[in-house]
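Me: Please take a close look at the salt bridges of this model. I would like to see which parts of the chain they join and what surrounds those parts.

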Amino acid sequence: MNRQFWQGNKIRLRTILLFMAVFAAAVTACACGKKEEAQPVKIQSVDDLAGKNIGVQIGTIGDIYASDYEGDDAGTKVTRFNKGTDAVQSLRQGKIDCVIIDEQPAKAFVEKNTDLSILKQEFALEDYAICVAKGNTGLKDKINKALSELKEEGTLQDIIDNYIGDETKGKTPYKKKAGVTEANGTLTMATNVAFPPYEYYEGNTAVGIDVDIAQAIADKLDMKLKISDIEFDSIIVAVQSGKADMGIAGMTVTEDRLKNIDFTNSYTTSKQVIIVKDKESGEKASLGQKFYQCFVEKARWKYFPQGMLNTVLITLFAGIIGIMLGFVMAAIRAAYDMIGKKHVILRAANTVVKIYLTLFRGTPVLVQLLIMYYVVFASVNVNPVIVAILAFGLNSAAYVAEVIRSGIMALDIGQFEAGRSLGFTYRQTMQYIIFPQAIKNSLPAMCNEFIALLKESSIVGYIGMIDVTKAGDIIRGNTYEAMVPLFSVALMYLITVMIMTALVNRLERRLKRDAR
């Protein structure tokens, strides 16, 4: 780049360097500081839960059982998290008093966090099963038959022992059967890949007990297995809507769930346990060790390029849809305000646009994304990237329309009248006189809208996509380290926003030169 460009962007470069310095200082402080931590609340049995702050993963059996304590006279509080790892991190930081979760994930968490322990007294027993859509008895019977055959062959027990067996751990991995042609199509499994050892990431691949069981079932049915990684509380919705054929994520059969979904026969038994913090954290890792663990170890850095690609694609194409549709709606509203209040067609079109703007600006974009994925495209197997682009594009259009309309209405009405007096048609007046000026007036506000669009795309993990934020969550869930992944995600967004701002500033300067 030329010297003038660098001089014009000194402030941005300094901001990035300052952010990186703050990042390094914060991580170093966390690694080296001797901050005094509050003494953990002693919980020695289930009887001690009353009056405590209980952490659970939302929608799980632990959440259901813990809800019985909520609102009691002792003041028991239940804090719900999207992932079990988030609950464990909060426990280690002293934000909650305990975590109620399934036994095997609890063992995996305690194995990596020596300051935690599991109470000997179990909280509840449960059977895991596979959920399928109500009325889909054909698939349910096929899965039950496959499970029965896997049990008789000993394959099911081998899969479980490979992950949690005392002496057989790692010795009986499941291998895809020879001769499977996948001629019967695709079997989509909805799960939440943050629940070791049942499902977790190893590199870029989802592995675990449930993943291997699903693969074994797919092999029995001569089908190709597809894994959809979504939030746990969205799994039943995904199966109900047809976005997934089955849900496997350590799910327990309950009366409430049976009202909305069917379950196969049980494939294993587990129990809910209580994790507590029984001692202070050991020696903290250095910044270099944390960096190695989060990025170099098991090539975890590969999540970020994939996530950034999805983020950029969604922002770019949703922005294009927003601009195109926004221009149309702005033109309709401006035409109505200037010439069409007595025009029946324009009046009707303006009413439709106002309803559109009210709906999309009056509801959260997350709700719109979920409606688009689970309702609008319920029976259509569409790539989640396309769904996200449409959802964010339609949402952005509502804001772009008002931004451009305000730019149009800010112009003196004399400009429009002068164009018409020179013999221009309405379309020509808008195209050659009004729109060019309105765009220049609206450019800063449109830049802000695209920056907001970029950051709003961080919620696409709810429909099983990996973006920058989801990539950070995966690393955080695997390493139990929060600072480095979160600051890395923030830095990536910051750099991207600053690049976008620099490009818009150059466009503004170009437009000003052209105007002269």
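**Salt bridges and their surroundings**

Reply: The structure holds 19 salt bridges, a salt bridge being a side-chain nitrogen of Lys or Arg within 4 Å of a carboxyl oxygen of Asp or Glu. This is a predicted model, in which local features need pLDDT of at least 70 and side-chain atom pairs count only at pLDDT 80 or more, while totals for chains, interfaces and linings use all residues. Residues are numbered from 1 along each chain as its sequence is written, and side-chain values use heavy atoms, with hydrogens and water left out. The pLDDT is the predictor's confidence in each residue, from 0 to 100, and the protein averages 85, with 89% of the residues at 70 or above.

One salt bridge pairs Lys470 with Asp229, their closest N and O atoms being 3.8 Å apart. Lys470 belongs to helix α18 and Asp229 to strand β9 (residues 224–229), so the pair ties together parts that are 241 residues apart in sequence. Helices (H or I, at least four residues) and strands (E, at least two) are DSSP runs, numbered from the N terminus. Both Lys470 and Asp229 are buried; buried means under 20% relative accessible area, exposed over 50%, and partly exposed in between (1.4 Å probe, protein chains only).

The setting of Lys470 is helix α18, where 11 of the 12 residues are buried, so this helix is largely enclosed by the rest of the structure. Its buried residues include Asp473, Arg476 and Asn478 as well as Val468 and Ile474. Helix α18 (residues 468–479) should span 16 Å at 1.5 Å a residue, and its end C-alpha atoms are 17 Å apart, which agrees; the expected span is 1.5 Å times one less than the number of residues. Just after α18, Tyr480 takes a positive phi of about 60°.

A second salt bridge joins the side chains of Lys220 and Glu149 (3.3 Å, N to O). Lys220 lies in helix α8 and Glu149 in helix α6 (residues 137–153), so this pair links parts that are 71 residues apart in sequence. Lys220 counts as partly exposed, at 33% relative accessibility, and Glu149 is likewise partly exposed, at 28%.

Helix α8 also leads to the protein's interior. A nonpolar core is a set of buried Ala, Val, Leu, Ile, Met, Phe, Trp, Tyr and Cys residues joined through side-chain atoms within 4.5 Å. Of the 68 residues in the largest such core, Ile217, Met246 and Ile275 touch the most other members. Helix α8 (residues 209–220) gives the most to this core, with seven residues. Beyond four places in sequence, the contacts (heavy atoms within 4.5 Å) of Met246 include Ala214, Leu225 and Val239. Apart from this core lies another of 51 residues, among them Ala129, Ile236, Ile314 and Val365.

A third salt bridge is formed by the side chains of Glu182 and Lys176, at 2.6 Å from N to O. Glu182 counts as partly exposed, at 27% relative accessibility, as does Lys176, at 44%.

One caution concerns confidence: pLDDT stays under 50 over residues 31–40, for which the model has 16 contacts beyond four places in sequence. By helix and strand, confidence is lowest in helix α1 (residues 3–8), at a mean of 48, and highest in strand β11 (residues 262–263), at 96.
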